[in-house]
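Here is a short tour for anyone who likes to read a structure with the coordinates open. Please keep the viewer at hand as you go.

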Amino acid sequence: MEYVVTTSALTRKFGDFTAVNSLSINIRQGEIYGFLGPNGSGKSTTIRMLCGILEPTSGSGTVLGYDLARDHEKIKQRIGYMSQKFSLYEDLTVYENLNFYAGLYSIPRRERDLRIKEMIAMALLDGRESDLTANLGGGLKQRLALGCAIISRPAILFLDEPTSGVSPTSRRLFFKIIQSLASSGTTVMVTTHFMDEAERCHNIAFISEGALIANDTPENLKKTAVRGCMVEMEIPDAMNRIQFLESLPYVRDCSVHGVMVHTLLDDRRHIPELEKAAGVRAAEITPSLEDVFIALAKQKRRQVQQ
Ligand SMILES: Nc1ncnc2c1ncn2[C@@H]1O[C@H](COP(=O)(O)OP(=O)(O)O)[C@@H](O)[C@H]1O
Ligand SMILES: [Mg+2]
C-alpha cells in the first residue's frame, strides 16, 4: 500500500508545552483523511509541520516520499495548503488572484490561462473572473482560495477548517468538490468540526491534547470506539436532569442534543431501570460520530485526571 503521508512519533513543543505529542499516522493516496479534535488539540500545528512550514521538535515523517526535516522546501512546492485564514488579495480580481498564485508556483506562462480556466470551472466561478475579490460572498471566496491552493495541481491537499464561516449550502458544495478531487486521485487531509463532513471522510484521526486517540473509518469508529449501550431519550428540560441521570450507577455518560439526551449505559439490561428512573422511553441507538467523539474526549480527560 502506498502512503503519501507517514509520520512516526512526530512531536512539536512550544517551550515546555507539547502541542503535538508523538503522533504516528499514515495517509493513503486518494483518500479523504479527516483530522478531528477539540480546539487547541494540535491539528493546525500538525498540518503546518506536514506542509514543511513548521519544524518538528522530534520524530520523523514523509510527505510524497520527501523527508519532513530535510526536504521541506521540496514539500512546500509540491503540496496544496489552505490555511485557517486563507490569504487572498481582496483588491485583486478573481482572475488576478489565480494569476498571482500561478506565478508563485512558476507555472509557465503559456499554460497559465488554461490552468486559470480550469480553476474557474472547478470553483464554479464562471462569469466572475473580473469581479473584485472583496465583493465575493464567503462561499465564493473559499472556492477561489481552493483554486489558488491547487492551481499547481498538487498530489496532496491540506485543508485547515476550510468550511468554517460559510453557509451550509456552500459547505456542501465545497465538500462535493473535495470528493471529486479525491476520486481523481488527489489525497486530501482536512480538519473540520462538522460531523456531516467527518462522515464523508474515508478515514478519521481523532486527536486530543496533541495525541492520537482514535483512527479508523467512520463506520468502524461508530461500531467499536464506544463500549457499552447508547440510548436516546426525549427530555424537554434535559439540562436540569443530566446531573441526576449521571448519578445513576449504571450510567457512564450523558450528552444533550436539543431535547434529546444520549446516555451511555454499561449494558443494555439497564434500559428498563433507566426508563423507570427517567420516566420516559429509552431507545437503543447506534452512536453518531459526535457521540463517539464526546465519549473519546471524556475518556481521555478521565485518563489524564487519574
Ligand atoms: N506558535 C505557537 N507558540 C506557542 N503555542 C502555540 C503556537 N502555535 C500553537 N500553539 C499552541 O499549541 C496548541 C495547539 O494549537 P493548534 O495546533 O492551533 O490547535 P488546533 O488547530 O487543534 O485548534 C494550542 O494550545 C496553541 O495555543
Ligand atoms: Mg486549528
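What follows is a report on the chain, its ligand shell, one helix pair and one loop residue.

## The chain as a whole

Please bear in mind that this is a predicted model. Its chain comprises 11 helices and 15 strands. Measured out along the principal axes, the box filled by the C-alpha atoms is roughly 75 × 45 × 35 Å.

Of the 306 residues in the chain, 39% are buried. Among contacts with a separation of 6 or more, 68% join residues that lie 24 or more positions apart.

## Around ligand 1

Which residues should you select to see the surroundings of ligand 1? The shell begins in sequence with F14 and A19 and then takes in G37. After that comes the run N39, G40, S41, G42, K43, S44 and T45.

Helix 1, covering residues 43–50, supplies the largest share of this shell, with three residues. Sorted by class, the shell around ligand 1 holds seven polar residues, two nonpolar ones and one charged one.

## Helix 3 against helix 4

Two packed helices can be described by the angle between their axes together with the distance between those axes. For helix 3 (residues 94–104) and helix 4 (residues 109–122), the axes come within 10 Å and cross at roughly 125°. An angle between 115 and 145 degrees falls outside the parallel, antiparallel and perpendicular ranges, so helix 3 and helix 4 are oblique to each other. The crossing of helix 3 past helix 4 is right-handed.

Which residues bring helix 3 and helix 4 together? From helix 3 come Y95, L98, N99 and A102, and they meet R112, R115, I116 and M119 of helix 4. The residues of this contact divide into five nonpolar, two charged and one polar.

## A look at L132

L132 sits in the loop that runs between helix 4 and helix 5 (138–150). Is L132 buried or exposed, or something in between? L132 has 14 C-beta neighbours inside 10 Å. A buried residue would need 20 or more, and an exposed one would have 12 or fewer, so L132 counts as partly exposed.

Once neighbours within four places in sequence are set aside, L132 is in contact with D91 and T93. For a distance to check in your viewer, take L132 and C148: their C-alpha atoms are 15 Å apart in space, while the two residues are 16 residues apart in sequence.

Notes:
Residues numbered from 1 in each chain as written. Chains lettered and ligands numbered in written order. Predicted model: local features only at pLDDT ≥ 70, side-chain atom pairs only at ≥ 80, totals over all residues. Near = placed C-beta within 6 Å. Helix = DSSP H or I, 4+ residues; strand = E, 2+ residues; numbered from the N terminus. Nonpolar A, V, L, I, M, F, W, Y, C, P; charged D, E, K, R; others polar. Axes fitted to C-alpha atoms, helices over the stretch in contact; angles between N-to-C directions. Parallel < 35°, antiparallel > 145°, perpendicular 65-115°, else oblique. Left-handed = near helix turned anticlockwise from the far one by under 90°. Contact = placed C-beta atoms within 7 Å.
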